[in-house]
Amino acid sequence: KITAYAEKLLGGLKNLPEWPEAVKLQQENWIGKKEGINIKYQIDGREEIVTCFTTRPDTNFGATFVVIGPEHPYLKSQDVLQIEDSVWKEIEKYQLDALTKDEVGRSDTTKEKTGVFTGLYCVNNLNDYRMPLYVADYVLGNVGTGAVVGVPAHDVRDFEFAKAFDLEIVRVVQKDENDTEEINSIDLVQEHEGYMVNSDFLNGMDIHKATVAMMDHIE
């Protein structure tokens with residue numbers, strides 16, 4: 001019955017200012033209400049597809065990497081993705097380390113971002129961009145699909161990860177016509193408002209209208 005009362009439960013958290021933010025975040029994850037879409041990205045040169053749930057499909061032209069959690073089913077065996085031996089050893093070590101951490105710690109936005117590059121790439125069908133595929137513990141295997149698409153210009157955690165691994169940061173949202181500078185610091189990350197740029201058929205749309213338009217397009 002959690003889903004039937006999701007809105008009421010989430011609203012109740014706002015009336016608990018004395019609760020630690022980490023605890024409220026844990027509760028939000030447990031309630032699990034998200035509105036968005038699953039986007040499928042095929043791994044280049046493989047049959048496997050990584051499905052990422054996202055609440056911001058409007059920003060998909062700015063996607064530059066994909067992350068799967070250490071618990072992802074593709075990582076149960078080296079043979080699934082045919083990952084190189086040296087990389088697989090790194091992943092196994094990383095998985096063991098992730099098991100020692102709780103979900104709150106892993107989700108902490110202030111935590112230094114870590115991860116392992118699988119050596120594989122996912123293809124964004126919108127623009128044929130080859131997005132490197134990483135394993136990282138800030139993605140939780142029991143939330144959504146256990147995989148996220150990284151849009152570092154418009155998500156704080158993605159920005160931190162991109163900075164840690166020197167990944168491309170592509171702006172696709174502006175607040176106004178003067179908001180054009182390169183997004184090279186966390187305070188410039190644009191998450192919640194604005195209109196689309198560098199996004200082909202979405203250009204000029206408010207992000208909320210663009211979200212619906214992109215979902216229709218992908219479907």
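## Strand S2 and its partner

Along strand S2 (residues 49-54), which side chains point to one face and are buried, and which point to the other and are not? In this predicted model, Val 50, Cys 52 and Thr 54 share a face of S2 and are buried, while Ile 49, Thr 51 and Phe 53 are turned to the other face and are not buried. In a regular strand the side chains alternate between the two faces of the sheet.

Strand S1 (residues 37-43) runs antiparallel to S2 and is joined to S2 by six bridges. Thr 54, one of the buried residues of S2, is the bridge partner of Ile 37.

## The loop between the strands

The hairpin formed by S1 and S2 has five residues between its strands, and in this hairpin Gly 45 takes a positive phi near 80 degrees. Asp 44 also belongs to the loop between S1 and S2, and with a relative accessibility of 35% Asp 44 counts as partly exposed, because the partly exposed class covers values between 20% and 50%.

When its neighbours within four places in sequence are left aside, Asp 44 is in contact with Tyr 121, Val 123 and Arg 130. The C-alpha atom of Asp 44 is also separated by 9.3 Å from that of Met 131, although these two residues are 87 residues apart along the chain.

## The two sides of helix H1

In helix H1 (residues 6-13), the residues Ala 6, Leu 10 and Leu 13 are buried. Seen down the axis of H1, these buried residues fall within an arc of 50 degrees, and therefore they line one face of the helix. This buried set packs against helix H2 (21-31), whereas Glu 7 and Lys 8, on the other side of H1, are exposed.

## Two pockets

The largest pocket holds about 1,600 Å³ of space. Of the 44 residues that line this pocket, Asn 29, Lys 34, Thr 55, Asp 155 and Arg 157 are the closest to its centre. Helix H2 gives the most to this lining, with five residues, and the elements that each supply at least two residues include H1 and S2. By class, the lining has 17 nonpolar, 15 polar and twelve charged residues.

The second largest pocket holds about 170 Å³ of space, and the largest share of its lining, three residues, comes from S1. Among the residues that line this second pocket is Val 123, which is also one of the contacts of Asp 44. The lining of the second largest pocket divides into five nonpolar, four polar and one charged residue.

Technical notes:
Residues numbered from 1 in each chain as written. Predicted model: local features only at pLDDT ≥ 70, side-chain atom pairs only at ≥ 80, totals over all residues. Heavy atoms only, no water. Buried < 20%, exposed > 50% of the residue type's maximum accessible area, 1.4 Å probe, protein only. Helix = DSSP H or I, 4+ residues; strand = E, 2+ residues; numbered from the N terminus. Arc of directions from axis to C-beta. Contact = heavy atoms within 4.5 Å. Pairing = 2+ DSSP bridges. 1 Å grid on protein atoms, 1.4 Å probe; cavity = no way out; pocket = protein on both sides within 12 Å on 5 of 7 lines; lining within 4 Å. Points joined across faces, edges and corners; volume = space filled by probe spheres on them. Nonpolar A, V, L, I, M, F, W, Y, C, P; charged D, E, K, R; others polar.
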